[in-house]
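Work through these exercises with the coordinates open. Each task is followed by a stepwise solution.

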2 protein chains.
Amino acid sequence: VFTHDLRSIGVEYEVPPAVDGPATARCLIVVTSDAERTLNTYLGAASGLTPDHIDPALIARAQVVYLEGYLWDLDAAKAAMVKAMQSAADAGTKVAFTLSDGFCVDRHRAEFLELAEQRVDILFANEDEILSLYQVDEFDDALQRVRGHCEIACLTRSEKGSVVVAGDEVHVIDVHPVDQVVDTTGAGDLYAAGFLYGYTRDLDLATCAHLGSLAAAEVISHLGARPEVSLAELAAPLLAG
Amino acid sequence: VFTHDLRSIGVEYEVPPAVDGPATARCLIVVTSDAERTLNTYLGAASGLTPDHIDPALIARAQVVYLEGYLWDLDAAKAAMVKAMQSAADAGTKVAFTLSDGFCVDRHRAEFLELAEQRVDILFANEDEILSLYQVDEFDDALQRVRGHCEIACLTRSEKGSVVVAGDEVHVIDVHPVDQVVDTTGAGDLYAAGFLYGYTRDLDLATCAHLGSLAAAEVISHLGARPEVSLAELAAPLLAG
């Protein structure tokens with residue numbers, strides 16, 4: 001099912017289905033009426049990620065590799081991510097990294113700070129995560145700290161929109177309006193997806209951030225973490241402008 | 001009454017009461033339950049402002065002179081403001097200018113752009129006003145345009161907080177929380193007051209903006225455009241931090 005779904009939307013997906021071993025990861029998500037949620041995750045086979053699973057040739061073919069901070073909890077997965085980052089650095093592939101969640105940042109602050117400064121080109125973080133990373137109370141303090149730490153930092157702020165900093169550039173981007181926020185699951189990843197879509201097409205950073213906001217707005221307007229309409233069609237007016 | 005009120009809070013106020021001529025300006029403000037308002041203004045004696053009323057020695061003694069875009073509607077007042085700006089420039093006094101309102105910017109866009117680029121050191125504008133000044137739809141577009149136009153630009157965004165840009169520095173500052181927004185009259189001027197208080201004491205720009213947010217939060221939490229509590233006491237924790 002996953003293989004078909006992914007290939008049908010144009011994803012190059014090389015992973016053969018497993019015939020034995022642990023089950024695919026599942027995550028049971030309870031969504032409340034205020035659109036917030038509680039996650040109960042079984043990592044399953046994902047917890048068995050090791051450096052052997054990383055194919056440097058595949059990473060070298062990519063413009064950007066997107067890595068998830070959550071996996072830093074597991075030693076083998078951490079080693080796999082380090083290998084992926086090194087492969088990316090060797091090949092000139094950009095490393096995008098999401099801090100994943102505030103508790104995750106709490107557990108790995110020192111290492112995440114080192115990653116942000118030394119290995120990550122494009123950092124994605126929401127407000128909780130970036131405040132936690134720098135142990136500050138004010139968004140602006142975190143903003144000043146992250147400037148210069150990464151080539152690009154994309155800080156998402158829920159209804160306050162997002163701020164993108166890259167060297168001397170700072171962009172303050174509003175959310176794309178939605179009628180009703182139903183379920184915020186996937187908002188961060190969809191923002192990253194939209195942003196990286198624009199980035200890999202050499203669009204200016206403000207347009208990249210708008211694409212992120214647009215994709216995030218779609219996914220929070222219904223239950224579930226996958227868009228229900230074509231993001232390409234949604235983005236067409238923006239890309240034409 | 002005004003003289004007493006102003007002097008009692010430490011304002012140096014040199015204007016003798018008039019014994020004849022037009023009345024003091026009045027503004028009848030209708031405030032709706034959503035805290036927005038409609039202004040009916042009679043400028044009265046204020047419409048008689050001319051360059052003769054500007055005392056260059058007084059301006060030379062100040063660190064900052066704060067000018068109101070509204071007065072640009074009247075030729076003599078405009079000449080008075082130009083004289084004030086020139087006196088300030090000659091004396092090394094900084095010129096702060098507020099765009100006042102979006103309609104006002106519509107009427108005087110070309111001149112306000114020239115002022116922003118050539119005569120204003122510290123520009124205050126809300127979102128409507130800055131979008132109107134640059135005739136753009138997106139806040140970030142206005143932000144990029146205003147960078148470099150003024151030494152400092154303070155852009156207030158109602159519940160979205162404010163953004164302060166000054167050369168390479170960009171600060172994104174949240175609003176100071178209020179229990180209930182009752183009447184937004186005075187918010188812009190109190191923000192400017194708080195900001196300039198900090199500015200004239202050489203505080204960093206983020207602290208200046210926080211002082212502005214704090215003063216604005218006080219004045220929007222009740223009817224009327226004057227603070228009802230001591231702003232100095234309100235600001236004490238911030239200044240101590």
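**Exercise 1. Burial of a strand**

Task: In this predicted model, how many residues of β7(A) are buried, and which lie on each side?

Solution.
Step 1. Count the buried residues. β7(A) is mostly covered, with 5 of its 5 residues buried.
Step 2. Recall the general pattern. In a regular strand, side chains alternate between the two faces of the sheet.
Step 3. Assign the sides. Ser162(A), Val164(A) and Ala166(A) are on one side, and Val163(A) and Val165(A) are on the other.
Step 4. Conclude. Both faces of β7(A) are covered.

**Exercise 2. The neighbours of that strand**

Task: In what sense does β7(A) pair with β6(A), and in what sense with β8(A)?

Solution.
Step 1. Take β6(A), residues 152–156. It pairs with β7(A), residues 162–166, in the antiparallel sense over 4 bridges.
Step 2. Find a bridge. Cys154(A) has Val164(A) as its partner in β7(A).
Step 3. Inspect the connection. β6(A) and β7(A) form a hairpin with 5 residues between them. Ser158(A), in the turn, has a positive phi of about 50°.
Step 4. Take β8(A). Its pairing with β7(A) is antiparallel, over 5 bridges. Here Val165(A) stands opposite Val170(A).
Step 5. Inspect this connection too. The hairpin of β7(A) and β8(A) has 2 residues between the strands. Gly167(A) takes a positive phi near 60° there.

**Exercise 3. The sheet and its helices**

Task: What is the strand order of the open sheet in chain A, and which strands are at its edges?

Solution.
Step 1. Read the order. The sheet has 6 strands, β3-β4-β5-β6-β7-β8, with mixed pairing.
Step 2. Find the edges. β3 (64–68) and β8 (169–173) of chain A each pair on one side only.
Step 3. Check the twist. Neighbouring strands are turned by 15° against each other on average, direction ignored.
Step 4. Add a helix. α3 (residues 75–91) of chain A lies across β3 and β4 (94–98), and runs at about 160° to β3(A).
Step 5. Add another. α9 (residues 205–220) of chain A packs on the sheet and touches β6, β7 and β8. The direction of α9(A) makes about 30° with that of β8(A).

**Exercise 4. A crossover in chain B**

Task: Which handedness does the unit of β3(B), α3(B) and β4(B) have?

Solution.
Step 1. Establish the pairing. β3(B), residues 64–68, and β4(B) are parallel and share 5 bridges.
Step 2. Locate a facing pair. Leu67(B) stands opposite Phe97(B) of β4(B).
Step 3. Bring in the helix. With α3 (residues 75–91) of chain B, these strands make a right-handed β-α-β unit.
Step 4. Follow Phe97(B) into the core. The largest nonpolar core has 78 residues; Phe97(A), Ile130(A), Phe97(B) and Ile130(B) touch the most other members.
Step 5. List contacts of Ile130(B). Beyond four places in sequence, Ile130(B) touches residues including Leu123(B), Val146(B) and Leu155(B).

**Exercise 5. Positive phi outside glycine**

Task: Are Gln135(A) and Ser100(B) buried or exposed?

Solution.
Step 1. State the general rule. Most residues other than glycine have a negative phi.
Step 2. Take Gln135(A). Its phi is positive, about 50°. The residue sits in the loop between α6 (127–134) and α7 (139–146) of chain A.
Step 3. Classify Gln135(A). Its relative accessible area is 60%, so Gln135(A) is exposed.
Step 4. Take Ser100(B). Its phi is positive, about 75°. Its loop joins β4 (94–98) and α4 (102–107) of chain B.
Step 5. Classify Ser100(B). Its relative accessibility is 13%, so Ser100(B) counts as buried.

**Exercise 6. Buried polar residues**

Task: Which side chains make polar contacts with Ser132(B) and Asp183(B)?

Solution.
Step 1. Place Ser132(B). It belongs to helix α6 (residues 127–134) of chain B.
Step 2. Test burial. The cut-off is under 20%. Ser132(B) has a relative accessible area of 12%, so it is buried.
Step 3. Find the partner. The side chains of Ser132(B) and Asp106(B) make a polar contact of 3.1 Å.
Step 4. Place Asp183(B). It lies in the loop between β8 (169–173) and α8 (187–200) of chain B.
Step 5. Test burial again. Asp183(B) has a relative accessible area of 2%, so it is buried.
Step 6. Find the partner. A polar contact of 2.6 Å links the side chains of Asp183(B) and Thr185(B).
Step 7. Look further along the chain. Among the residues that Asp183(B) touches are Val31(B), Arg37(B) and His222(B).

Terms used
Residues are numbered from 1 along each chain as its sequence is written. Chains are lettered from A and ligands numbered from 1 in the order in which they are written. This is a predicted model: local features need pLDDT of at least 70, side-chain atom pairs count only at pLDDT 80 or more; totals for chains, interfaces and linings use all residues. Side-chain values use heavy atoms; hydrogens and water are left out. Buried means under 20% relative accessible area, exposed over 50%, partly exposed in between (1.4 Å probe, protein chains only). A polar contact is a pair of N or O atoms within 3.5 Å; within protein, one must be able to donate a hydrogen and the other to accept it, and residues adjacent in sequence count only if both atoms are side-chain atoms. Two strands pair if DSSP finds at least two bridges between them. Axes are lines fitted to C-alpha atoms, for helices over the stretch in contact, and angles run from 0 to 180 degrees between N-to-C directions. Contact means heavy atoms within 4.5 Å. A crossover is right-handed if, with the strands pointing away from the viewer, the path from the first strand over the helix to the second runs clockwise. A nonpolar core is a set of buried Ala, Val, Leu, Ile, Met, Phe, Trp, Tyr and Cys residues joined through side-chain atoms within 4.5 Å.
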